[in-house]
Amino acid sequence: MAENYYCTENDCYKEGTKLSGTEYLIVHSPAVYPAVIRAVSGSNNWYKRWNKPGVEKLVHGFIDDTGVYSFAPDTLACWQIGDSWGNKNCIGYELCELDTAEEFGKMWDHAAAHYAFLCQKYGLTPERVIGHYEAHEKGFASSHSDPEPYFKRFGKNMADFRRDVAAVMEGGSAGSGATAETYEPWAHGTVVNLEDGDLLNVRTGPGVSYGLLSQWPKLAEGNEVDVLARYDNGWAKINIQGAKGYVNAWYLEIRRQEGGYASWVGKAAGLGGSRLNVRTGPGTSYGLLSQWPKLAEGNLVGVTGESGGWYQVRIEGKYTGWVSKAYIERA
């Protein structure tokens, strides 16, 4: 998520003109390389350079290898492309010109994720993400070549950037446009590694730039979910009782069935008047499933996997848990 470093001393910020609309998202680069100037870090940073009177320019933010930094709210008409209509109808960020391929890759991923977020926020397609030079070609920007010379230094261009923005919007990640692992039909996940009292944010996309999922915004330690995919940017797509969202995969213990599993219908049997514990994982060391901790004799379940002496089961098509094989037979 973007951090706010609003340039309140900048003349454009003080003028306070509002955007008329959001027609395009502009990609800039400052054209100062080989000088390396980051957004807010270091003694010579863009925030210090622009947060003062007399600058006569402003963008909505800067993006570098450390993150995304907003210099003005999205609602402000920034002095960014030297054209009245463009300034009043476009949101634009500067991509800091960095030195190494590793730094560039981090900046690129942050930028693709943020522009994907802005596309979703304002109902735009990736085709509406254009470089400053493309805005000039369309007739509503000053004659600049950025960011193409910067991108070419690392073998990239604006078409590549739009492609990665589209990949993020489709649930993938920048750089590859594909997931590292897709679980078919799904895997089982348990929320782990949270500090005491902390909750895990469930977001609408694979990154912190996305908002929280309205149906189920947070998960607690030990909560159970279906894991649909794990992306190569470290995020996982999950299903929580029909609501699909994304979480940082560091906080999931994922167990998958290698080679797939042919699901079948089972029933609890041989309990002798007792009830069958439904656990969060395949073993007695796991706690009981909070949504459905026990099964009674004759209860039906979907058997969707196995591990050692345990079956992975689905209860009412919603809840995933583990039960002892000794007490499940085919229905």
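**Exercise 1. How many residues does helix H4 have, and what distance does H4 reach from its first C-alpha to its last?**

Solution. The model is a predicted one. Helix H4 covers residues 101-122 and has 22 residues. From its first C-alpha to its last, H4 reaches 31 Å, close to the 32 Å expected at 1.5 Å a residue. Next, consider burial along the helix. The buried residues of H4 include Glu103, Phe104, Met107, Trp108, His114 and Tyr115. Ala111, Ala112, Ala113 and Ala116 are buried in H4 too, as are Leu118 and Cys119. Finally, look past the end of the helix: just after H4, Gly123 takes a positive phi of about 65 degrees.

**Exercise 2. Check the span of helix H7 against the expected value at 1.5 Å a residue, then state how many of its residues are buried.**

Solution. H7 runs over residues 158-169, which makes twelve residues. At 1.5 Å a residue these should span 16 Å, and the end C-alpha atoms are 16 Å apart, so the two values agree. As for burial, nine of the twelve residues are buried, and H7 is mostly covered. Among the buried residues are the charged Asp160, Arg162 and Asp164. Met158, Phe161, Val165, Ala166, Ala167 and Val168 are also buried.

**Exercise 3. Classify the ring pairs Tyr6 with Tyr13 and Trp46 with Trp50 as stacked, tilted or edge-to-face.**

Solution. A pair of aromatic rings is described by the distance of the centres and the angle of the planes. The count for this model comes to 22 aromatic pairs. In the pair of Tyr6 and Tyr13, the ring centres are 6.1 Å apart and the planes stand at 40 degrees, so this pair is tilted. Tyr6 has a relative accessibility of 27% and therefore counts as partly exposed. Tyr13, at 23%, also counts as partly exposed.

In the pair of Trp46 and Trp50, the centres are 6.0 Å apart and the planes stand at 75 degrees; this exceeds the cut-off of 60 degrees, so the pair is edge-to-face. Trp46 and Trp50 lie four residues apart in helix H2 (residues 46-50), so about one helical turn separates them. Both tryptophans are buried.

**Exercise 4. Which residues do ring pairs link into a cluster, and which charged ends sit over the rings of Trp46 and Tyr24?**

Solution. Ring pairs link Tyr93, Phe104, Trp108, Tyr115, Tyr150, Phe151, Phe154 and Phe161 into a cluster. Of these, Phe104, Trp108 and Tyr115 are among the buried residues of H4, while Phe161 is among the buried residues of H7. For the charges, the charged end of Arg49 sits over the ring of Trp46, 5.2 Å from the ring centre. The charged end of Arg128 sits over the ring of Tyr24, at 4.5 Å from its centre.

**Exercise 5. Describe the second largest pocket by volume, lining and residue classes.**

Solution. The second largest pocket has a volume of about 300 Å³. Its lining consists of 21 residues, and Trp50, Lys57, Gln80, Glu94 and His144 lie nearest the pocket centre. The lining divides into nine nonpolar, eight polar and four charged residues. One of the residues nearest the centre, Trp50, is the buried partner of Trp46 in the edge-to-face pair of Exercise 3.

**Exercise 6. Locate the cis peptide bonds before Pro34 and Pro147, and the positive phi values of Ala31 and Glu56.**

Solution. Most residues other than glycine have a negative phi, and most peptide bonds are trans. A cis peptide bond joins Tyr33 and Pro34, with omega about 20 degrees. Pro34 lies in the loop between strand S2 (24-28) and H2. Another cis bond joins Asp146 and Pro147, with omega about 5 degrees. Pro147 is placed in the loop between helix H5 (132-137) and helix H6 (148-152).

Turning to phi, Ala31 has a positive value near 60 degrees and is found in the loop between S2 and H2. Its relative accessibility is 62%, so Ala31 counts as exposed. Glu56 has a positive phi of about 60 degrees and belongs to the loop between H2 and strand S3 (61-64). Glu56 is exposed, with a relative accessible area of 62%.

**Exercise 7. Are Gly189 and Leu76 buried or exposed?**

Solution. Gly189 is found in strand S7 (residues 179-191). With 0% relative accessibility, Gly189 counts as buried. Gly189 and Ala249 are 60 residues apart in sequence, and their C-alpha atoms are 9.5 Å apart in space. Leu76 lies in the loop between strand S4 (67-70) and helix H3 (84-89). With 3% relative accessibility, Leu76 counts as buried. Leu76 and His60 are 16 residues apart in sequence and 7.9 Å apart, C-alpha to C-alpha.

Notes
Residues numbered from 1 in each chain as written. Predicted model: local features only at pLDDT ≥ 70, side-chain atom pairs only at ≥ 80, totals over all residues. Heavy atoms only, no water. 1 Å grid on protein atoms, 1.4 Å probe; cavity = no way out; pocket = protein on both sides within 12 Å on 5 of 7 lines; lining within 4 Å. Points joined across faces, edges and corners; volume = space filled by probe spheres on them. Phe/Tyr/Trp six-rings, centres within 6.5 Å; stacked < 30°, edge-to-face > 60°. Buried < 20%, exposed > 50% of the residue type's maximum accessible area, 1.4 Å probe, protein only. Helix = DSSP H or I, 4+ residues; strand = E, 2+ residues; numbered from the N terminus. Lys NZ or Arg CZ within 6 Å of the ring centre and 35° of its normal. Expected span 1.5 Å × (residues − 1).
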